[in-house]
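Reader: Walk me through one part of this one, please, and start with the overall picture.

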Amino acid sequence: GPCATDVAMAVRDPGTASVTGAFTRPELRGLEVSSGLLAAAVAWAREAGYVRWAVDHESANLEGWRFWARHATPVAISLSRRLAPATLA
């Protein structure tokens, strides 16, 4: 669908379709199920007028990283840290 609002600014624009979640059951991995689903999603995005697609994924997910790296080019590394509320001294 449309670009997600919680991803890096580099991929947040109206021309970008967003993959917001994807996984393959372990017993189906290696059978090109994910690649086929992604190809269908990319075809849908192209027909809907999008000019690019983006995915925001966890870098600690090594299987996910290997999959996405075969299908896309990294454009940003985003880090964040939640700040604890200020305490009164």
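What share of the contacts with a separation of 6 or more comes from residues 24 or more positions apart? After that, take a close look at helix 2 and what covers its buried residues.

Author: Residues 24 or more positions apart account for 62% of those contacts in the chain, a contact being heavy atoms within 4.5 Å. Keep in mind that this is a predicted model, where local features need pLDDT of at least 70, side-chain atom pairs count only at pLDDT 80 or more, and totals for chains, interfaces and linings use all residues. Numbering starts from 1 along each chain as its sequence is written, and side-chain values use heavy atoms, leaving out hydrogens and water.

The elements run β-α-β-α from the N terminus, taking DSSP runs of at least four residues (H or I) as helices and at least two (E) as strands. Helix 2 spans residues 62-71, and Gly64, Phe67 and Trp68 are its buried residues (under 20% relative accessible area; exposed is over 50%, with a 1.4 Å probe and protein chains only). They end up on the same side of helix 2 because they cover an arc of only 90° around the axis, taken from the directions from the axis to the C-beta atoms. Turn to the face away from that buried side and you'll find Leu62 and Arg70, both exposed. At the N-terminal end, Asn61 is the cap, with a side-chain oxygen 3.4 Å from the backbone nitrogen of Glu63.

So what's doing the covering? Strand 1, helix 1 and strand 2 are among the elements over those buried residues. The three also make a right-handed β-α-β unit: with the strands pointing away from you, the path over the helix runs clockwise. Within that unit the two strands are parallel and joined by four bridges, with Thr16 partnered by Arg52. Thr16 and Ser18 point one way from strand 1, Ala17 and Val19 the other, and all are buried.

Key: Two strands pair if DSSP finds at least two bridges between them. A polar contact is a pair of N or O atoms within 3.5 Å; within protein, one must be able to donate a hydrogen and the other to accept it, and residues adjacent in sequence count only if both atoms are side-chain atoms.
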